[in-house]
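Me: I've got a structure open and I'd like to learn how to read its features. Can you walk me through it?

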Amino acid sequence: MLEAGKKAIARRELAVESSRKLLLQGDRLMADQDFAGAFDAYRAAFGQIPDTSATRELRLESVTKYEAALQAQARAVAEEGRLEDAIALVQQFYQEVRDSGLPPATVSPATKRLLADLQDGETFEPANSPEMVERKREVKRLFAYADGAVQTGQYDEATRHYAQILNLDPTNQAARRGMERVDKLVSEYHKAARDQTRATALAKVTAQWENPVPRFSLDGASVETAPAGPTSVGSVREKLRQIVIPEVEFAQTPLQEAVEYLSARSKELDPGAAGGRKGVDIVLGGSDPADASIPVTLRLAGAPLGTILDYVAKVARLKVRVDEVAVTMVPLSAPDQTAIVTKSYRVPPNFISAGATGAGGAAGDPFGASGAAPASGTLQKKLTAIEFLKMNGVAFGPEAGAEFIPSTSTLLVRNTQDQLELIEAMIESSFGSVAKLLRFDVKTIEISESKLDEMGFDWLLGQFNMPGSDRVFGAGGTQGNQAAGSAQNEYPFIPPGGNLPLGRNPVTAGNRSGDSAAFQDAIATAINRDVSFGSQGTGIVKAPGIFSVGGVFTDPQFQVVMRGIKQSAARDLMTNNSVVGRAGQQAILKSVREFVYPTEYDPPEIPDQVGTNTTITVLDQNNNLLGQSVSSPFAPMTPAHPTAFETRELGSLVQVEGTIGADNYTIDLTMTPEVSRFEGFVNYGSPIRQYNIDSAGQQYVEQEVQNRILMPVFKVLRNSVNVSVYSGQTVVVGGLMEAKIQADNDKTPILGDAPLVGHLFRSKVEQREMRAVIFFVTVNIIDPSGGTVQPPVATTASL
């Protein structure tokens, strides 16, 4: 018995020690917010502690910690959408407390409230599910990615993340707001780009005032630089055959000097230099520096460059290797070009079908004549890329292959370099046979800006006695040959009962203001003169008044008006058109509006007789005669009216015509850009008036009919350009620019020259109008499928 008791005590001590360790483990997990692990550790510790008086304090400590972990874990499980599991955890805790013999009061009120909250269906959303919680986590993660993309300027990526959020949560307003913010940022960028484009175009307008200074070199020579065109091994070999050097003589010349001489002569004698890279680059590719000093003795006349290089390589005990960019002289021990490489080529859509006509078809009629072609309608075999290339002399080894992709007109080939050279030669010849079209993309940008800056003073001075005399009087001047506006609209101080302004007599009438300071030339003066549509003109209008001072009870009376205006306006117009046409045929791209205007008028109609005069008798209330008047009837006058009309297109128009060069890359382009606009009407008619005579014998206008004969005035800006460009390049035509600047500095004689106060008798008007029309014309050579036609450009990858 004693031994059994000792063993029981030892087991209890081990259980207590294990429980203490579990409690410490639970504390660490709680600190790390791992509520599930802490819950399991505290629960295990609570279950291992024996129910003795010595362990009562430890049991209470464990159940308290177990309960705290339970509350945290139950809330976490409920928030994940597993409400039933959370309730089960709390109920399990209740059961374990009862089974342990602890009083019911051991369970804290907080745990009881938690169970009530889990069961009431309000504190925790009962419709929540694990799938919904996972969607919320994913939405939160996507929001973090989207916000980061916005901060780093990755607007497309941000929009994609916001769209993914809306796929998970279709009614998420924050995602919609985020997409709105991205769109606003993109719009702000485009506005900044527009402002920069406007500033650049206007800078080009003002730069037209600068005359370029002619440039002279010291020796009078000029250097011409030709752009490098696309090259391939086939084109380099063709140059080696075409370039013929009249005479070559080397006598113990170092190999390096001989190579440099041949390379320089090839650039001078290259017959196709206008369409691409000049000449052939020749380099030494050996690793031995002594190769550069090998003496070469050779004399040849009228030999192709390729033949000369073969002789030079033979003398120097080297061999020639041709690649896409240069000719390399390498040692005889250098490995041959037998490595398998992969290249992709852009080819015409009918590259295989056009070259396979009549080849590889079905068998002919066995009963027909010898050599007869298959009958019409016989199915023809469709060749593969390998079969077609083999039929044209290309060899394929075990690791070689070829594939044609019709959707992109791309030929993929795996073969040795020498066989790829044959394929490149086939591709170059095929581009010469495919039908070629030209696609013209024309963008027109029209930018205009106008500015008006005016400041001046307008004085009126009334009559007055000269000081010291009652017989000498003074006053302001007269309007003279300067047009005057309406007094009621131009001057604020007008005495009651009159229509003349305070002061009456002008002092500064010669200083231009408003309409009288506008741009004036012969045509502009005639345009829209006496032309009004629905309202009567008011004549010349002065600039707006800013501030006025008037002397009513002074001698003399006076009035001064400070006039000024500062205006700025900018207008932008951009159009983009595209058209496809045949080479050598003219294409027209236009963005216009149709304007219908009269060209012929019938003359006005005025009848000769309109009836008899009418006598009007006036009597008083007693029928006594007071007087009589004679009134003539109104004549039904018909003004001139249009009978014929024409239509004119106003806007931008570009006529283009392109011719493709022999290299299938250069285009001779002829362009005629034109911009036309409507300036206004010129009235060639005059009013028709019917006069009558009143009782006093005075003539007056009884009827007036407007008789307008309007003819339009158009302004046309036109240019003509002839250039040679490469396919895919853009030609910028910016010569259609104009700028008008007018500066008027007027002053009243004598008064305007007075110190200080002279500024009150001066006016200054500055007007600027600038306009720029720029055409961007991009031309591409395309095939009937719409693909770009260019010489083959290969992409190499080693296998």
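Reply: Sure. Let's start with strand pairing: two strands count as a pair if DSSP finds at least two bridges between them. Keep in mind that this is a predicted model.

Me: Okay, so in which sense do strand 12 and strand 13 pair, and over how many bridges?

Reply: Strand 12 covers residues 545-551 and strand 13 covers residues 558-582, and the two run antiparallel, paired over six bridges. Together they make a hairpin, with six residues between the two strands. If you want a spot to click on, Gly545 sits opposite Arg563 of strand 13.

Me: Let's stay with Arg563. Is it buried or exposed?

Reply: The idea is to look at relative accessible area: under 20% is buried, over 50% is exposed, and partly exposed is in between. Arg563 comes out at 4%, so it counts as buried.

Me: Which residues does Arg563 form salt bridges with?

Reply: For a salt bridge, you look for a side-chain nitrogen of Lys or Arg within 4 Å of a carboxyl oxygen of Asp or Glu. Arg563 has one with Asp458, where the closest N and O atoms are 3.3 Å apart. That pair links distant parts of the chain, since Asp458 belongs to strand 9 (residues 437-461) and the two residues are 105 apart. Arg563 also meets the side chain of Glu490 in a salt bridge, at 3.7 Å from N to O. Glu490 is in helix 15 (residues 487-490), so this bridge ties strand 13 to a part 73 residues away in sequence.

Me: And those two acidic partners, are they buried or exposed?

Reply: Asp458 has a relative accessible area of 6%, so it is buried. Glu490 is at 8%, so it counts as buried too.

Me: How many salt bridges does the structure hold?

Reply: There are 32. Another one to look at joins Glu769 and Lys740, with the closest N and O atoms 3.7 Å apart. Here Glu769 comes from strand 24 (residues 762-782) and Lys740 from strand 23 (residues 730-747), 29 residues apart. Glu769 has a relative accessible area of 34%, so it is partly exposed. Lys740 is at 37%, so it is partly exposed as well.

Me: Which residues are linked in a network of salt bridges?

Reply: Try selecting Glu446, Arg677, Glu679, Lys715, Glu738 and Arg771, which are linked in such a network.

Me: What about charges that aren't in salt bridges? Where do I find a patch of negative charge?

Reply: For a charge patch, you take residues with over 30% relative accessible area and no salt bridge, and join like charges within 9 Å. On the surface here, Glu600, Asp602, Glu605 and Glu646 gather in a negative patch. Glu646 is part of strand 17 (residues 641-660). At 43% relative accessibility, Glu646 counts as partly exposed.

Me: Last one: how far apart in space are Asp40 and Leu70?

Reply: Just compare the sequence gap with the C-alpha distance. Asp40 and Leu70 are 30 residues apart in sequence, and their C-alpha atoms are 9.2 Å apart. Asp40 is in helix 2 (residues 35-48), and its 49% relative accessibility makes it partly exposed. You can do the exercise again with Leu185 and Val150: they are 35 residues apart along the chain, with 9.1 Å between their C-alpha atoms. Leu185 lies in helix 8 (residues 173-207), and with a relative accessible area of 25% Leu185 is partly exposed.

Terms used:
Residues numbered from 1 in each chain as written. Predicted model: local features only at pLDDT ≥ 70, side-chain atom pairs only at ≥ 80, totals over all residues. Heavy atoms only, no water. Patch = residues over 30% accessible without salt bridge, like charges linked within 9 Å, V, L, I, M, F, W, Y side chains within 5 Å. Areas by Shrake-Rupley, 256 points an atom, 1.4 Å probe, with all protein chains shown as cover. Lys, Arg positive; Asp, Glu negative; His and termini not counted. Charge placed at Lys NZ, Arg CZ, Asp CG, Glu CD. Helix = DSSP H or I, 4+ residues; strand = E, 2+ residues; numbered from the N terminus. Buried < 20%, exposed > 50% of the residue type's maximum accessible area, 1.4 Å probe, protein only.
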